Amino acid sequence: MKVLVIGGGAREHALCRSLSQDPSVTELHCAPGNAGIAQVATVHPVDQLDGARVADLAAELGADLVVVGPEAPLVAGVADAVRAAGIPVFGPSGAAAQLEGSKAFAKDVMAGAGVPTARSYVCTTPEEAAEALDAFGAPYVVKDDGLAAGKGVVVTSDRAAALAHAASCERVVIEEYLDGPEVSLFAITDGTTVLPLQPAQDFKRALDGDEGPNTGGMGAYSPLPWAPAGLVREVLDTVLQPTVDELRRRGTEFSGLLYAGLALTSRGTRVIEFNARFGDPETQVVLARLRTPLAGVLLASATGTLDQLEPLRWDEGAAVTVVVASEGYPAAPRTGDPIEGLAEAEADGTAYVLHAGTKADQDGRVLSAGGRVLSVTATGADLAEARDRAYAAVERISLKGGQHRTDIALKAATA
């Protein structure tokens, strides 16, 4: 099988790493890729938002499967262009990707499907925003209706800050605050069959102790030893399957990766948001534990044959990923600095480095090229061992001004 992956972050590196280990994959390509992905796939400097060019590249390569990683190309309809060229693609249509592209659309779908979520208001004026904030009270939850690369949500007890965020967005969803721990649950679907993966938890805040601004994610771990028994089955029955069924009923079939961000509240499980693609950095730990070869699963989604798959196989151990970010992230990330110690981080074979924002210079040195630079991932018999291995690898890496959280998976590993 020849596979083309679209994207250039750590999520796509994780996908490419898993696909490169799949015996059925004979050729692996990625556009645009990054310095790490180039070690396992042939990279192509193609604009990932240009559906026509992506479809042309897939045709030129004779790709049997195209995997669209990030949300922006999905919302832009890149999967539609590839499907129109007659090539199987893992990822929803532009219309179905509005489940992530518009918080208001997602709320409407959840209402139609009877999916439990926070009460909310859609606001387009400062007056509407103020009224909604006062209706719910603090803490205030204000979400940009559109795509914001994981940084469009403000949760604050400062009413002025909440109003300011609302004013900076064209349209916002203001909703009640959901208490309780958060869980990320991915599911692969072909529009009818829904196949849940293993749950994970990520860490959105920039600093230890969940302090600082929201980011795209500073680390993740899986499994969740504290999660209630039967959680995956409950979410499949009350959230994932009803959502897929509702979209099909509306004529907007969703195939690809459906990501449910959940809050386990005092009143039961509630959906915080949906994403239409693998999450970053949760993908790094979920795929680290998946033992079933990945390409066949993604192809089954793309071709409507998920119901024919055998049950997925999982590693019984644990995985932890720690994000190394650049100086100034998330407000003003510094780029262009050399990264040292990458080989040393992987030397003992207990951890590996997935590239997020990197590029290679003319001399072959790896330089930082984004806010989140690396995802250092390790597996182990349990969370404590995986965590120790991940942080030992992080300590071997040198990046000027680089920053990372020191408490990823700490509570779960020491509980």
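Which residue in strand 8 does Lys143 stand opposite? Select Lys143 and look across: the partner is Val153. Keep in mind during the tour that this is a predicted model.

**Stop 1: the four-stranded sheet**

Now bring up strand 7 (residues 140-144) together with strand 8; the two run antiparallel and are joined by four bridges. Widen the selection to the rest of the sheet. It is an open sheet of four strands, and going across you meet them in the order 6-9-7-8, with antiparallel pairing. Strands of a sheet pair through backbone hydrogen bonds, so switch those on if your viewer draws them. At the edges sit strand 6 (120-123) and strand 8 (153-156), each pairing on one side only. Turn the view to look at the twist: on average, neighbouring strands here are turned by 20° against each other, direction ignored.

**Stop 2: the helices on the sheet**

Select helix 8 (residues 159-168) next. Helix 8 packs on the sheet and touches strand 7, strand 8 and strand 9. Compare directions and you'll find that helix 8 makes about 15° with strand 7.

Then pick helix 6 (residues 103-113), which lies across strand 6, strand 7 and strand 9 (172-175). Helix 6 runs at about 50° to strand 9.

Stay on helix 6 and show its side chains. Which of its residues are buried? They are Lys103, Ala104, Ala106, Lys107, Val109, Met110 and Ala113. To find what covers them, colour the surroundings: the cover includes helix 5 (98-101), helix 9 (231-249) and strand 17, along with strands 6, 7 and 9 of the sheet. Before moving on, click Gly114, which follows helix 6 and has a positive phi, near 70°.

**Stop 3: the largest cavity**

How many cavities of 30 Å³ or more are there? The count is two, and you can start with the largest, at about 60 Å³. Select Lys103, Ala106, Lys107, Met110, Lys143, Val173, Glu175, Ile272, Glu273 and Phe274 to show its lining. Lys143, where the tour began, is in that list. Helix 6 gives the largest share, four residues, while strand 9 and strand 17 (268-275) each supply at least two. By class, the lining has five nonpolar and five charged residues, with no polar ones.

**Stop 4: the second largest cavity**

For the other cavity, select Ala14, Arg17, Ser18, Gln284, Leu287, Ala288, Tyr352 and Leu354. The space they line is about 30 Å³. Helix 1, helix 10 and strand 20 (351-355) each put at least two residues into this lining. What's the make-up by class? Five are nonpolar, two polar and one charged.

**Stop 5: the second largest pocket**

Finish with the second largest pocket, which has a volume of about 250 Å³. Its lining takes two or more residues from helix 1 (10-20) and likewise from helix 10 (282-289). Where should you centre the view? Try Ser18, Gln21, Leu287, Leu290 and Arg291, which lie nearest the pocket centre among its 14 lining residues. Ser18 and Leu287 may look familiar, as they also line the second largest cavity. Colour the pocket lining by class and you get seven nonpolar, four polar and three charged residues.

Note on methods:
Residues numbered from 1 in each chain as written. Predicted model: local features only at pLDDT ≥ 70, side-chain atom pairs only at ≥ 80, totals over all residues. Heavy atoms only, no water. 1 Å grid on protein atoms, 1.4 Å probe; cavity = no way out; pocket = protein on both sides within 12 Å on 5 of 7 lines; lining within 4 Å. Points joined across faces, edges and corners; volume = space filled by probe spheres on them. Nonpolar A, V, L, I, M, F, W, Y, C, P; charged D, E, K, R; others polar. Pairing = 2+ DSSP bridges. Axes fitted to C-alpha atoms, helices over the stretch in contact; angles between N-to-C directions. Contact = heavy atoms within 4.5 Å. Buried < 20%, exposed > 50% of the residue type's maximum accessible area, 1.4 Å probe, protein only.
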